[in-house]
Amino acid sequence: MTRAEEIQIKAQSAVLKKELTKAVDIYIQSVINQYNKENGTVFEKVHNCVAYKDIPTYPHQEFCNKVLLWNATVWESARSIELDVAKGLRPIPIVQELISELPKYE
């Protein structure tokens, strides 16, 4: 493989990683948006829940704890998939495949 081909592959991998990262962010945000819609809350991002997860009297504490744990699980799953791709154990998934392999919020 030539140096130019290596550079091209590396650039394509970076673009794909960015695309897949964005897809995971959107996947997580969709759960938060749904919760906001159903509960009249305005959590902008999953990390807004950190401020409330330890307040037992906060009405949405359970959601905050649950979504934070799920968020970590989703990212660990995505990283595991990325590692398998890097090791050559599997092909690079398309966005829909990646999302279908990630843990569902329950």
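Mentor: Welcome! A salt bridge here is a side-chain nitrogen of Lys or Arg within 4 Å of a carboxyl oxygen of Asp or Glu. Keep in mind that this is a predicted model.

Trainee: How many salt bridges does the structure hold?

Mentor: Let's look at some examples before the total. D54 and K53 meet through their side chains at 3.0 Å, N to O, and R79 pairs with E76 at 3.2 Å. Counted over the structure, the salt bridges come to four.

Trainee: Which helix holds both R79 and E76?

Mentor: These two form a salt bridge. They sit three residues apart, about one turn of the helix. That helix, spanning residues 61-86, is α2.

Trainee: Why does the pair E101 and R90 tie together parts that are apart in sequence, and how many residues apart are those parts?

Mentor: The closest N and O atoms of E101 and R90 are 2.8 Å apart. E101 belongs to helix α3, whereas R90 is in the loop between α2 and α3, so their bridge links parts whose separation in sequence is eleven residues.

Trainee: Is D54 buried or exposed?

Mentor: Its salt-bridge partner K53 has 27% relative accessibility and counts as partly exposed. D54 has 56%, and the cut-off for exposed is over 50%. Therefore D54 counts as exposed.

Trainee: And L98, is that residue buried or exposed?

Mentor: L98 lies in helix α3, residues 95-101. Beyond its neighbours within four places in sequence, L98 is in contact with L20, V24, I81 and P93. Its relative accessible area is 3%, and under 20% means buried, so L98 is buried.

Technical notes:
Residues are numbered from 1 along each chain as its sequence is written. This is a predicted model: local features need pLDDT of at least 70, side-chain atom pairs count only at pLDDT 80 or more; totals for chains, interfaces and linings use all residues. Side-chain values use heavy atoms; hydrogens and water are left out. Helices (H or I, at least four residues) and strands (E, at least two) are DSSP runs, numbered from the N terminus. Buried means under 20% relative accessible area, exposed over 50%, partly exposed in between (1.4 Å probe, protein chains only). Contact means heavy atoms within 4.5 Å.
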